[in-house]
Amino acid sequence: MCTINWSGISLILSYKTVQVLSFRSCSSFTKSSFSIIDFRRCSSMDLSSLFHFTYCYIYPRSAFCTLSKRRSRGPVMAAKKESKGTKQGDGKYKHTVDLPKTTFGMRANSAVREPEIQKLWDENQVFKKVSEKNNGGSFILHDGPPYANGDLHMGHALNKIIKDIINRYKVWLQHSLCTVIFETRDRKMHLILNFLVHDLIVRRVLSLDQDARKGLTPIKLRAKAAKFAKATVKAQMASFKNVSIYTVCEQRFGVWADWDHPYLTLDPEYEAAQIEVFGQMVFRGYIYRGRKPVHWSPSSRTALAEAELEYPEGHVSKSMYAIFRLLSTPTNGGLLDEFLPRLCLAVWTTTPWTIPANAAVAVNSKLQYAVVEVQSLSPDAASSSEGGKTRLGSVLKGNERPFFIVALDLVPTLEAKWYVKLAVKKTVLGSDLENCRYAHPINGQECPVVIGGDYITTESGTGLVHTAPGHGQEDYITGLKYGLTILSPVDDEGKFTEEAGIFSGLDVLGDGNAAVIDYLDERSSIVMVEPYKHKYPYDWRTKKPTIFRATAQWFASVEGFREAAMDAINQVTWTPSQAENRISTMTSSRSDWCISRQRTWGVPIPVFYHAETKEPLLNEETVNHIKSIISQKGSDAWWYMPVEELLPENYRDKASDYVKGTDTMDVWFDSGSSWAAVLESRDGLSCPADLYVEGTDQHRGWFQSSLLTSVATKVDPRTIIEGGKNQEEAPSYGADVLRLWVSSVDYTGDVLIGPQVLRQMSDIYRKLRGTLRFLLGNLHDWKAGNAIAYDELPEIDRHALFQLENVVKNIKESYESYQFFKIFQVKNVGSGTTSYGYDLRTICSGTTSRERDTSIRGASSFTRRSCQTVLAVHLLSIARVIAPILPHLAEDVWQNLPFEYTVDNADVAKFVFESKWPAVNERWLAFPEEDVDLWEKVLELRTEVNKALESARTGKLIGSSLEAKVYLHSSDDILAARLTRMCEANIDADSLHRIFITSQVEILSSLEDAPTANIPYSGEYLIEGEKKIWIGISRAEGSKCERCWNFSPQVGSFVDHPTLCRRCYDVIADQPLPALAAVS
């Protein structure tokens, strides 16, 4: 996908790839003044560590997260085990340990819980309340017209969820949203869905058999198709709701929207606005009627725009090498007279059926051409034709050996392809061939050799191009230059007309094509026929091939406003940046836009034709009159009202002289008019929008049609959410896992979805949920009044707040730049871990690893309250920053908060979206740089210490890390001094042995002082590749404390509690043991 900031447009999205575009600055979308909206860039963030606690958790798998049994050992687990019914007398200190408590379940149970949360939002009118409280500026995300063409698929999910993430984030910023427009009015969110139904009608009509279509009058056909379209829209919206929507604001995808008031392109108000846009382009001279070749669909019987074509792989055409006999050469020079009358022009075409319309042969004036003589036929020629797909023509099989004119550079290629030896007799420039005359191979008329453009190359063919101005764009341009006849002897059904003579009535894409080849071969004009695999345009509706055919059509002259369109593109911010190059290239090279279609459904081109002269009647008076009629009665009125009523009063006395046109507008003109039909028409909206969000295919579709009209679009998501019939093979993941996937993909490229990817997303979701459960469990007795002042917090906690503040800041920048994959980016596909730029190793040391201490220190101890202060901040911040992406999880957390959270005005935020985006705390960000550097080194050192501990564990020296003592020696005297101070820290939380989760740490001034005999395991930590810290591991000194499991020489020093260490003894001194425990 790509991003664009345009004077009214902004984000783009497609199932394959997505783009973002933003426009803002012009008061009217029809004007060409634009301004840029720049989005801040943000660096990639490594968030996985943020929620990655596995190496320091001390709880069993069933309690919080996936852990090894060895690492689950600890006093908390022991106490929990005791609390579940082990022998009385064991663990007599269990009541003194503060265990986590929360009603927040580890299992999401999404199939049940998510609908409950959505119902909670609906019953409490959260959407409405949040909108009413917001008072920021307006933010408009224009929701493009999707086709109401069947059940929901992953494209719908990707599209709508990305838009919803953007909207929910904007709500945090107090914007009012409108998304039809996603609108944020005062940052009030208002998503109005849009359905492009005229194209759906096309598909429905085309699904009828031919006899059924012929039996329908235009009005009956339109009524039948419109009924089907509206039913499909209703069904699709119901499908969205079944996939989870509650009235005004919630669907199972978790998308907030106004589902009762979508905009449809067949609404009379929309159609009238589209007529207004068309009229404005007419009055400015941008609309004209002409006869020129356009893409024509015989299966749809209508002209098509480039955006209505697709190019499937595997198309094979029957290509033909043919010769046209030269009659004369230019009078001056007579360069080639010596080869007459055996001299022929050799041409190559993949559309033999266009030969009847041939008017010239084009050459490149700069290329060198050769006159070659066929001298001998290779023995391999016969075997090459045995398969039947490739056949040599009668020219090579006959006795006469003519001379051919071909591009000199292609002689070796043609020798190999035709199985002949070609002798070069003469060379000439292409410019020398101009005005040579040849005999038309079918009707014998004299035709000229002309100079074509750069489209004539030596990459394929012969270097000479058969030119039929009625059947090709380059041919048409060349034909205009030389005044050639524009002949197109093909009817609406793709069959030859009487102008094609003996081929009349034959299908040009079928038997007509073969008949032309056979006719030419019988007259010794075929050199070779072979299959040619290439990309060929197909009708995207019928999935059948199209043709180029000259017909009378209505066009928008892009040349008239190309410069303004290019200026507008330059004023827009595009994401990714290469998207600008793509649409600039398309727009700069685009030919005139064919806007007329030959069908009776859709919005009519409001033109009348004089019955005799066929001159069109199209002016401001007639257009405005038709607009007023359609705004009241809809576009059906064009078909059922008589001409005299459709004409304005000044023309009614001449009504008998006119007939109304039957062409309708291109479906891309329908969707491209949405800026006028919705943004400028609905209350509370304005043009331009801030953002367009659709897929990269819309560069040639909605993006371009919106641009041009304003300045002169299979995995079942329901199965992912609700599960399949076989829950083992297709489990129910819930909407949040689907939304997590959407946020994890880089929508600027192709995206992947499948069972393995979904399992990854589910694992990431579970780890995040486990982290949040861990935080909730350790805050079960928390109150805001328990918070410790920032200056009094341990240094490790202040560092954790510094890190958190930076993460929130970076995540905000990612939301602002629509780079959601930088928030949740899957880094390790194999393990399914996410990568968040801030890794909570800080919190692991400062909170989770310390949680062992907080559980043991006492419920109201300073250590516990300081840790809870930081945990509470993290819980509230994480819940809010993930809410736009994972609204159900965030709300589930919020409903299980063990304390109340108040916003600035002292109101209690009962729902997560009633809170606000975490405010920037400059004080936390002012954490000294030298301390930041120290803690980075400490946390990196801890990683190396853990490696050494693991070696000691493997060698059976220790079991738990608490059985170990760590020795450190640094070659950096300054760092050694800091580490020594940390060993002697007044605040226990900042002590190195607490951070390492060991019983003791000793800093050695010299390695010579190390008791090497007692240190069997060691490691090393390199600081920036230069200085290093030596690490040694030995058994801890002293005995094991029964309560905290730390080893201490002080265990056994207290008569009344001989199994406790000093710390635990101090904690329980004032806590009498329970009677039962005392007896034992």
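Hi everyone, let's start with a small piece of sheet: three strands form an open sheet in the order β28-β27-β29, with antiparallel pairing. On the edges we have β28, residues 616-617, and β29, residues 658-660, and each of them pairs on one side only. Strand β27 covers residues 608-610, and two bridges link it to β28 in the antiparallel sense. If you'd like a residue to click on, take Y609, whose bridge partner in β28 is P616. Do keep in mind that this is a predicted model.

Now, on to charges. How many salt bridges does a search of the whole structure find? The total is 44. Let me show you three.

My pick to begin with is R391 with D518, where the side chains meet at 3.4 Å, N to O. R391 sits in strand β15 and D518 in helix α15, so this pair ties together parts that are 127 residues apart in sequence. R391 is partly exposed at 29% relative accessibility, and D518 is partly exposed too, at 35%.

The next pair stays within one helix. D763 and R766 form a salt bridge at 2.2 Å, N to O, and both lie in helix α26, residues 755-777, three residues apart, or about one turn. D763 comes out at 27% relative accessible area, partly exposed, and R766 is partly exposed at 42%.

Finally, over in helix α35, residues 1062-1068, R1062 and D1066 are four residues apart, again about one turn of the helix. Besides such pairs, there is a network: R113, E116, R769 and D892 are joined by salt bridges that share partners. Back in α35, the closest N and O atoms of R1062 and D1066 are 3.4 Å apart. Thanks, everyone!

Note on methods
Residues numbered from 1 in each chain as written. Predicted model: local features only at pLDDT ≥ 70, side-chain atom pairs only at ≥ 80, totals over all residues. Heavy atoms only, no water. Pairing = 2+ DSSP bridges. Salt bridge = Lys/Arg side-chain N within 4 Å of Asp/Glu carboxyl O. Buried < 20%, exposed > 50% of the residue type's maximum accessible area, 1.4 Å probe, protein only.
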